[in-house]
Amino acid sequence: MLLIVAGIIYDYFTPSAFTAAPLFTAAPLVAAPLYSLRGTVLTGVLAVGAVLLVHYLLDIVLKVDAVTESVTVATAAVLAVLINILVRRSHERLASVREIAEFAQRAVLPEPDARIDGLDVAARYEAAQADAFIGGDLYAVQDSPYGVRMVVGDVRGKGMAAVAAVAVVIGAFREAAEQEESLEAVARRLERALTRPGTRHESPDAFEEFTTAVLAEIPYDEDIVRIVNRGHPPPLLLHPDGTLVTLAAESFALPLGMSELGIWPDRVLTARFPRGATMLLHTDGLSEARDPRGEFYDPAARLAGRVFPGPDALLTALAGEVRRHTGGALTDDMALLAVRRV
């Protein structure tokens with residue numbers, strides 16, 4: 001509207017050799033991607049009407065230059081309507097794709113229950129790419145006959161191949177967590193699932209496909225946690241008084257999917273998990289987040305000495321701090337899982 005008003009003023013008060021046709025032409029084209037179809041049509045009609053009004057007031061309606069100018073503005077108005085229709089259709093398709101992606105995330109990475117057998121649970125997935133909902137990071141929590149078991153992992157690579165690997169790992173984990181008596185056996189089941197024929201994708205770098213993961217088991221009748229680490233960042237245990245302990249394994253086993261290079265037996269780390277303590281499992285999207293100077297975000301140093309009312313508050317604080325640390329530009333997806341013994 002401002003372009004049309006400016007065009008009228010310019011055309012009326014300047015010599016006839018000057019023309020405001022660019023302003024009248026730009027008005028509907030600017031409106032096309034911003035306004036609704038009705039608003040774009042109205043802007044086009046006003047632009048053409050304004051041109052004709054100025055020509056009428058200046059008594060040049062039938063002059064060649066005036067007719068050319070009117071036809072140009074009218075053509076721009078028609079093009080603007082077509083652009084608006086195409087943009088609206090594109091937005092509808094994009095909204096549909098986003099909705100499908102969101103449903104896919106909920107199917108592959110369902111949100112765990114907030115309370116599982118005396119444990120408060122919270123999970124969060126932060127995608128590095130805008131409008132992306134799921135990538136190669138994963139988490140899952142399973143209530144089993146042997147305790148509450150959980151996994152957090154990171155599939156090498158991106159795209160649909162990584163999403164497919166995530167689905168394989170989570171599916172195998174849920175089945176194994178219910179059936180296997182030990183956490184080491186669960187890890188072996190995940191290994192077999194990833195190396196099973198037909199699971200790997202036929203690609204030049206298929207031999208490099210692997211998944212880092214950390215598995216945890218919290219028994220029902222003991223204040224402990226058992227950890228099996230497959231080349232993944234170690235969990236952090238935050239005590240009620242703010243004391244922080246890194247649950248690092250004495251020796252790391254190979255990531256899942258790399259058994260062809262050799263077999264290292266899984267060694268379970270058993271640590272005390274007292275009442276009121278919160279355990280944080282995360283992917284390297286958290287620990288390798290960099291600020292503009294290249295400095296990594298250190299979750300252990302940042303969380304030590306702090307107290308949070310619950311797992312969800314902890315994850316909210318972490319997500320906000322990482323965004324601020326990186327200036328809002330994550331370079332890798334980030335999966336977070338926090339569990340507090342009530």
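Here are some exercises on a predicted model of one protein chain, each with a worked solution.

**Exercise 1. Getting an overview**

Task: Find how many helices and strands the chain has, and what share of its residues is buried.

Solution:
- Start with the secondary structure: there are nine helices and 11 strands.
- Next, look at burial. Of the 342 residues in the chain, 45% are buried.
- Then turn to the outside: the accessible surface is about 17500 Å², and carbon and sulfur atoms account for 59% of that area.
- Finally, look at contacts between residues at least 6 apart in sequence: 69% of them join residues at least 24 apart.

**Exercise 2. How far to trust the model**

Task: Find the average pLDDT of the chain, and what share of the residues scores at least 70.

Solution:
- The average pLDDT is 85, and 87% of the residues score at least 70.
- Now look at residues 203-207, where the pLDDT is below 50. Beyond near neighbours in sequence, this stretch has five contacts in the model.
- Keep a simple rule in mind here: where pLDDT is low, the predicted coordinates should not be read in detail.

**Exercise 3. Walking across a sheet**

Task: Work out the order of the strands in the open sheet of six strands, and which strands lie at its edges.

Solution:
- Going across the sheet, you meet the strands in the order E1-E2-E11-E10-E7-E8, and the pairing is antiparallel.
- The edge strands are E1 and E8 (244-246), as each of them pairs on one side only.
- Now check some of the pairs. Strand E2 (residues 119-126) joins E11 through eight bridges, while strand E10 (residues 278-282) joins E11 through five bridges.
- At the E8 end, strand E7 (residues 236-238) and E8 share three bridges. In this pair, Leu236 stands opposite Thr246.

**Exercise 4. A closer look at E11**

Task: Decide which residues of E11 point one way and which point the other, and whether they are buried or exposed.

Solution:
- Strand E11 covers residues 334-341.
- In a regular strand the side chains alternate between the two faces of the sheet.
- Apply this idea to E11: Met334, Leu336, Ala338 and Arg340 point one way, and Ala335, Leu337, Val339 and Arg341 point the other way.
- Both sets are buried, giving eight buried residues out of eight.
- Take Ala338 as an example of the neighbours on either side: in E2, Ala122 stands opposite Ala338, and in E10, Leu280 stands opposite Ala338.

**Exercise 5. A nonpolar patch on the surface**

Task: Find which residues form the nonpolar patch, and which helix supplies the largest share.

Solution:
- The patch is made of Met1, Val5, Ile9, Phe13, Leu42 and Leu46, with about 600 Å² of accessible area together.
- Helix H1 (2-13) and helix H3 (37-57) each supply at least two of these residues.
- The largest share, three residues, comes from H1.
- Now pick out Leu46, which lies in H3. Leu46 counts as partly exposed because its relative accessibility is 32%, a value between the cut-offs of 20% and 50%.

**Exercise 6. An unusual backbone angle**

Task: Find what is notable about phi of Asp117, and where this residue sits.

Solution:
- Begin with the usual case: most residues other than glycine have a negative phi.
- Asp117 is not a glycine, yet its phi is positive, near 45°.
- To place Asp117, look in the loop between strand E1 (115-116) and E2.
- Lastly, Asp117 is partly exposed, because its relative accessible area is 47%.

Key
Residues are numbered from 1 along each chain as its sequence is written. This is a predicted model: local features need pLDDT of at least 70, side-chain atom pairs count only at pLDDT 80 or more; totals for chains, interfaces and linings use all residues. Side-chain values use heavy atoms; hydrogens and water are left out. Patches are made of residues with over 30% relative accessible area and no salt bridge: like charges are joined within 9 Å, nonpolar side chains (Val, Leu, Ile, Met, Phe, Trp, Tyr) within 5 Å. Accessible areas come from the Shrake-Rupley method with a 1.4 Å probe; for residues, only the protein chains shown count as cover. A salt bridge is a side-chain nitrogen of Lys or Arg within 4 Å of a carboxyl oxygen of Asp or Glu. Helices (H or I, at least four residues) and strands (E, at least two) are DSSP runs, numbered from the N terminus. Buried means under 20% relative accessible area, exposed over 50%, partly exposed in between (1.4 Å probe, protein chains only). pLDDT is the predictor's confidence in each residue, from 0 to 100. Contact means heavy atoms within 4.5 Å. Two strands pair if DSSP finds at least two bridges between them.
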